[in-house]
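I opened this notebook to record what I looked up, entry by entry. My topic was the pairing of aromatic rings, followed by a brief look at one further residue.

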Amino acid sequence: MKSGFLDKLIERLGRIGPEDVQNYLLQLAQEKGLIETVFNAIQEGIIVTDANGRITYVNEAACELFGLEADTSIGKRLDERVRGLDWKSLSQSQGAVSRDMEIFYPANRFLNFYIVPLLIERRESPAGTKAEPVGHAIILRDITESRRSTEKTIESERFNALTLLAAGVAHEIGNPLNSLHIHLQLMERKVRRLDGKVKEELQEAIAISRAEITRLDSIVTQFLQAIRPSKPVLHPENVNSIVEEAVRFFAPEIADRDIVAEPELRPDLPLIELDRDQMKQAFYNVIKNSFEAMKRRGILRIRTDMDATHVNISFTDTGGGMSAESLSHVFEPYFTTKSSGSGLGLLIVRRIVREHGGEMAIESNEGKGLTLTIRLPYLDKRVRMLEAGTSKAEA
């Protein structure tokens, strides 16, 4: 904005009549209202600050993205209204700055934060002018869909690599297991020729070794089944019964850890097309994670509910929770906050949920527990027939 126009206007103020001033003010008010209407109509968020970082204008889209109220935000510092924003480093640049950022309130989104300084030219002398910073204009663009699409592609590539690695490891483990099994059979034949206590001790050792080999083979098989993408075999299932079965499975561990499990299951849930074994495995992983987060003497609340399109299953524990930084990495392979965790549990859960057309959400504050919610669709939303319009003849 050039100040020359304002200087000339000020010089002419003495020659402008009251009616002219009124007309100019009305025209300015109309233009301001039009600009605000246009800014509120666009999808991008727009925020304008003064030189001290105080908000002078915010449109409706920005209010929705950050959970702000325009009336109470005007005059407040932007970094006070948007927690975690490094305003100092963003505002010190002499030119435009573009940054991608992740926010967790009021919803988990990815935003492109584009900030450009606002300069006004002031006439210092008849010889020249000086550009003075008077604030910043900020444009916010929601890039959540594109970011998550990229994340899904990266996750798929990681999973494919993980599957190939697991298949190779399973093959390498399988060969010595078969060899051990054969040698145990040979040993067993020779032991039969022995007599007395030595024979009994060796037979017991061979039986234990064979059982451990079988167990190890079963673990490898289950691991491969867990990470290999497999199309779910769908049947109408009651989610509540799967939850109850999962809780019963962990009954000994619940008693051993002195944990209280509190199911709150809505009785009128519709049947959902599910692969029972896969969904049971997903619930097992979530419950196991909750137990490990609480260690001992905690409460696990499992709640089922529904809305217009989905059945919701939420698992809330009283463990240590997770930081925002950890939450942003929670679905990466091998990422874990536990000393002995594999970092695969939630990755497997999300794959199963997505194979069923569902969604997952995690909410947590460090030190205040964690809530994981699984949303499973119970209505087929792929096609919706619209009602035919009433013809004039029928009317």
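**Aromatic pairs**

I worked from a predicted model. With ring centres required to lie within 6.5 Å, I noted a count of five aromatic pairs.

I then looked up Phe-249 and Tyr-284. Their ring centres are 4.5 Å apart and their planes stand at 20 degrees, so I entered the pair as stacked; the cut-off for that class is under 30 degrees. Phe-249 belongs to helix H9 (residues 239–249) and Tyr-284 to helix H11 (residues 276–294), so this pair ties together parts that are 35 residues apart in sequence.

My next entry concerns Phe-250 and Phe-291. Here the ring centres are 5.5 Å apart and the planes are at 90 degrees, so the pair is edge-to-face, a class that requires over 60 degrees. Phe-250 sits in the loop between H9 and helix H10 (251–257), while Phe-291 lies in helix H11, so the pair ties together parts that are 41 residues apart in sequence.

Are Phe-250 and Phe-291 buried or exposed? I found both Phe-250 and Phe-291 to be buried.

I also recorded that one aromatic cluster is formed by Phe-249, Phe-250, Tyr-284 and Phe-291.

**Asp-256**

I located Asp-256 in helix H10. Its relative accessibility is 55%, so I listed Asp-256 as exposed; the cut-off is over 50%.

Last, I looked up how Asp-256 stands to Arg-297. The two are separated by 41 residues in sequence, and their C-alpha atoms are 9.7 Å apart in space.

Conventions:
Residues numbered from 1 in each chain as written. Predicted model: local features only at pLDDT ≥ 70, side-chain atom pairs only at ≥ 80, totals over all residues. Heavy atoms only, no water. Phe/Tyr/Trp six-rings, centres within 6.5 Å; stacked < 30°, edge-to-face > 60°. Helix = DSSP H or I, 4+ residues; strand = E, 2+ residues; numbered from the N terminus. Buried < 20%, exposed > 50% of the residue type's maximum accessible area, 1.4 Å probe, protein only.
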